[in-house]
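The paragraphs below walk through a predicted model. They take up strand pairing, then charged side chains, then cysteines.

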Amino acid sequence: IVPDNLEQIGEEAFKSCYVLEEVSYPDGLKTIGKGAFEDCWAIKEVIMPDSLETLGENAFTRCTALVNVEISKGLKELSDAVFSYCTALERIVVPGNIEKIGSSVWQSNDQLREVILQDGVKTIGGAAFLRCGELEEISLPDSVITLGAAVFRNCSMLRKVKLSSNLQAIPENAFYECYLRELELPESVTR
């Protein structure tokens, strides 16, 4: 049980609490620190309050039972590797308030099948979807301007990608070892 007046959960505060199943986040919570719940293998759900403004790197890395995530409307960025190796996660909705998706955010989430990116996301970091082996299709909203290197590398089931009409470049190894069947490059891509 977390007190209602809690504003911050510190770095690695609950790291490796292997049997922790449930956490209630109070409405006034503003920060979840780096690695705060990393390796909490039994957590099944993360429902962030809209007051949350900062979500540290690796905050939920290797939460292998995690099946439901609701992202705060107060966040502007998903930090690096925040949900990497969450191997039970099948679906994610990224609300339009998120402008930047960091590197390796969903790396090695091998059950991730559905990703909904709402208009507002501008940057998707390198290896953000690396080794998401069940992801079959994705549509990038027109707000996306930049993709990082190896963004979809080793997404072996990825068949259909709709790119943003404002995307400027296809980065190195973006679709390496993807078996794409459908991809249309927008005129905005210059390299």
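Ile 92 stands opposite Val 115 in strand S9. The two strands concerned are S7, residues 91-94, and S9, which pair in the parallel sense over four bridges. S9 has two unlike faces: Val 115 and Leu 117 make up the covered one, while Glu 114 and Ile 116 make up the uncovered one. Val 115, the residue opposite Ile 92, therefore belongs to the covered face of S9.

Just before S9 in sequence comes a residue with a charged partner. Arg 113 and Glu 134 meet through their side chains in a salt bridge, with 3.8 Å from N to O. This pair links distant parts of the chain, since Arg 113 is in the loop between strand S8 (100-101) and strand S9 (114-117), and Glu 134 is in the loop between strand S10 (123-124) and strand S11 (137-139), 21 residues apart. Both ends count as partly exposed: Arg 113 has a relative accessibility of 39%, and Glu 134 has 27%.

How many salt bridges does the structure hold? The count is nine. Side chains of opposite charge can pair when their charged atoms come close. Another of these pairs is formed by Lys 162 and Asp 142, whose side chains meet at 3.6 Å, N to O. Lys 162 lies in strand S13 (residues 160-162) and Asp 142 in the loop between S11 and strand S12 (146-147), so this salt bridge ties together parts that are 20 residues apart in sequence. Lys 162 is partly exposed at 41% relative accessible area, and Asp 142 is also placed in the partly exposed class, at 36%.

A further salt bridge joins Glu 38 and Lys 15, with the closest N and O atoms 3.9 Å apart. Here too distant parts of the chain are linked: Glu 38 is in the loop between strand S2 (31-32) and strand S3 (45-47), Lys 15 is in the loop between strand S1 (8-9) and S2, and 23 residues separate them. Are the two partners buried or partly exposed? Glu 38 has 9% relative accessibility and therefore counts as buried, the cut-off being under 20%. Lys 15 has 33% and counts as partly exposed. The pair is also part of something wider, as salt bridges with shared partners join Glu 12, Lys 15, Glu 38, Asp 39 and Arg 62 into one network.

Glu 137 gives a view of another region. This residue is in strand S11 and is partly exposed, with 48% relative accessibility. Apart from neighbours within four places in sequence, Glu 137 is in contact with Leu 158 and Lys 160. Its C-alpha atom is separated by 33 Å from that of Lys 15, a residue 122 places away along the chain.

The cysteines remain. How many disulfides are there? The count comes to zero. For Cys 86 the nearest cysteine sulfur is that of Cys 63, at 5.2 Å, and a disulfide needs sulfur atoms within 2.5 Å, so Cys 86 is in no disulfide. Cys 86 is buried, with 0% relative accessible area. Cys 178 is likewise in no disulfide, the nearest cysteine sulfur being that of Cys 155, 5.1 Å away. At 13% relative accessibility, Cys 178 counts as buried.

Definitions and conventions: Residues numbered from 1 in each chain as written. Predicted model: local features only at pLDDT ≥ 70, side-chain atom pairs only at ≥ 80, totals over all residues. Heavy atoms only, no water. Salt bridge = Lys/Arg side-chain N within 4 Å of Asp/Glu carboxyl O. Buried < 20%, exposed > 50% of the residue type's maximum accessible area, 1.4 Å probe, protein only. Contact = heavy atoms within 4.5 Å. Pairing = 2+ DSSP bridges.
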